[in-house]
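Subject: Structure handover

Dear colleague,

Here is the structure I said I would pass on. My notes on it follow below.

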Amino acid sequence: MAEPLTHFDPSGAARMVAVTDKPETARAAVAEARVRMAPATLERIREGQIGKGDVLAVARLAAIAGAKQTPQLIPLCHPVRLTGIDVDFALEPDLPGVRATVRVTAVDRTGPEMEAMTAAAAAALTIYDMCKAIDRAMAIESVYLVEKSGGKSGVWTRGGAP
């Protein structure tokens, strides 16, 4: 039998899950987002030739801000005490495009998985926004959790491609 969804009460109404009795522990989550684009767009990002400025620097700031704003964007997310946010980008000619990887750490009663995924999505959306004038056909192809650690369920790692 499938596990019940915790964000619904027995009558089916949405609720914010109580985490009061859970211990505060160190937790972490890693998420990725991929933005597919024309090879010429990727090359212009690599060369710093986008008119709005440094695409990846702005996307990094957007990712950090997105992680910090997650409870305001996702209605049933708890505010989580974040202790670190690391954002990395890989320029991937075979995609072609950019892969944003975000690692979020926290010490709290619930994990930062949603913060990591929101951050990755914000980075991807910012890359689109910064480059849309030259490549409206860009596509954000995926946003997904790569791994999480901490809490009662321990370590989880994605096996294979999303």
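Alanine 139 is located in strand E4. This is a predicted model, and in it alanine 139 counts as partly exposed because its relative accessibility is 30%. Leaving out residues up to four places away in sequence, alanine 139 touches Arg34, Val35 and Arg36. Tyrosine 128 is eleven residues from alanine 139 in sequence, and their C-alpha atoms are 7.9 Å apart.

Arginine 34 also takes part in a salt bridge, its side chain meeting that of glutamate 92 at 3.5 Å, N to O. This pair links distant parts of the chain, with arginine 34 in strand E1 and glutamate 92 in strand E2, 58 residues apart. Glutamate 92 has a relative accessible area of 17% and is therefore buried, while arginine 34, at 24%, is partly exposed. Both belong to a network of salt bridges that links Glu32, Arg34, Glu92 and Arg99.

The salt bridges come to ten by count. Two others I looked at are as follows.

- Glutamate 43 pairs with arginine 46, with 3.3 Å between the closest N and O atoms. The two residues are both in helix H1, three residues apart, which is about one turn of the helix. Each is partly exposed: glutamate 43 has a relative accessible area of 33%, and arginine 46 has 42%.
- Aspartate 129 pairs with lysine 132, and here the closest N and O atoms are 2.8 Å apart. Aspartate 129 is partly exposed at 33% relative accessibility, as is lysine 132 at 28%.

Next, the interior. The largest nonpolar core has 30 residues, and those with the most contacts inside it are Met37, Ile45, Val55, Phe89, Val98, Val102 and Ile127. At least two residues of this core come from each of strand E1 (25–36), helix H1 (39–47), H2, strand E2 (82–92), strand E3 (97–108) and helix H3 (113–131). H3 gives the largest share, eight residues.

Methionine 37 is in contact with Leu42, Ile45, Pro96, Gly97, Val98, Ile127, Asp135 and Met138, with neighbours within four places in sequence left aside. Three of these names, Ile45, Val98 and Ile127, are also on the list of core residues with the most contacts.

How does the length of H3 compare with what its 19 residues should span? At 1.5 Å a residue the expected figure is 27 Å, and the end C-alpha atoms of H3 are 28 Å apart, so the two agree. The buried residues of H3 are Glu115, Ala116, Thr118, Ala119, Ala120, Ala122, Ala123, Ala124, Thr126, Ile127, Met130 and Cys131. They pack against E1, H1, H2, E2, E3 and strand E4 (139–149).

Last, the surface. Leucine 73 lies in helix H2 (residues 55–73). Its relative accessibility is 56%, and the cut-off for exposed is over 50%, so leucine 73 counts as exposed. Together with Ile74 and Met114, Leu73 makes a nonpolar surface patch of about 240 Å².

Regards

Definitions and conventions. Residues are numbered from 1 along each chain as its sequence is written. This is a predicted model: local features need pLDDT of at least 70, side-chain atom pairs count only at pLDDT 80 or more; totals for chains, interfaces and linings use all residues. Side-chain values use heavy atoms; hydrogens and water are left out. Patches are made of residues with over 30% relative accessible area and no salt bridge: like charges are joined within 9 Å, nonpolar side chains (Val, Leu, Ile, Met, Phe, Trp, Tyr) within 5 Å. Accessible areas come from the Shrake-Rupley method with a 1.4 Å probe; for residues, only the protein chains shown count as cover. A salt bridge is a side-chain nitrogen of Lys or Arg within 4 Å of a carboxyl oxygen of Asp or Glu. Helices (H or I, at least four residues) and strands (E, at least two) are DSSP runs, numbered from the N terminus. Buried means under 20% relative accessible area, exposed over 50%, partly exposed in between (1.4 Å probe, protein chains only). A nonpolar core is a set of buried Ala, Val, Leu, Ile, Met, Phe, Trp, Tyr and Cys residues joined through side-chain atoms within 4.5 Å. Contact means heavy atoms within 4.5 Å. The expected span of a helix is 1.5 Å times one less than its number of residues.
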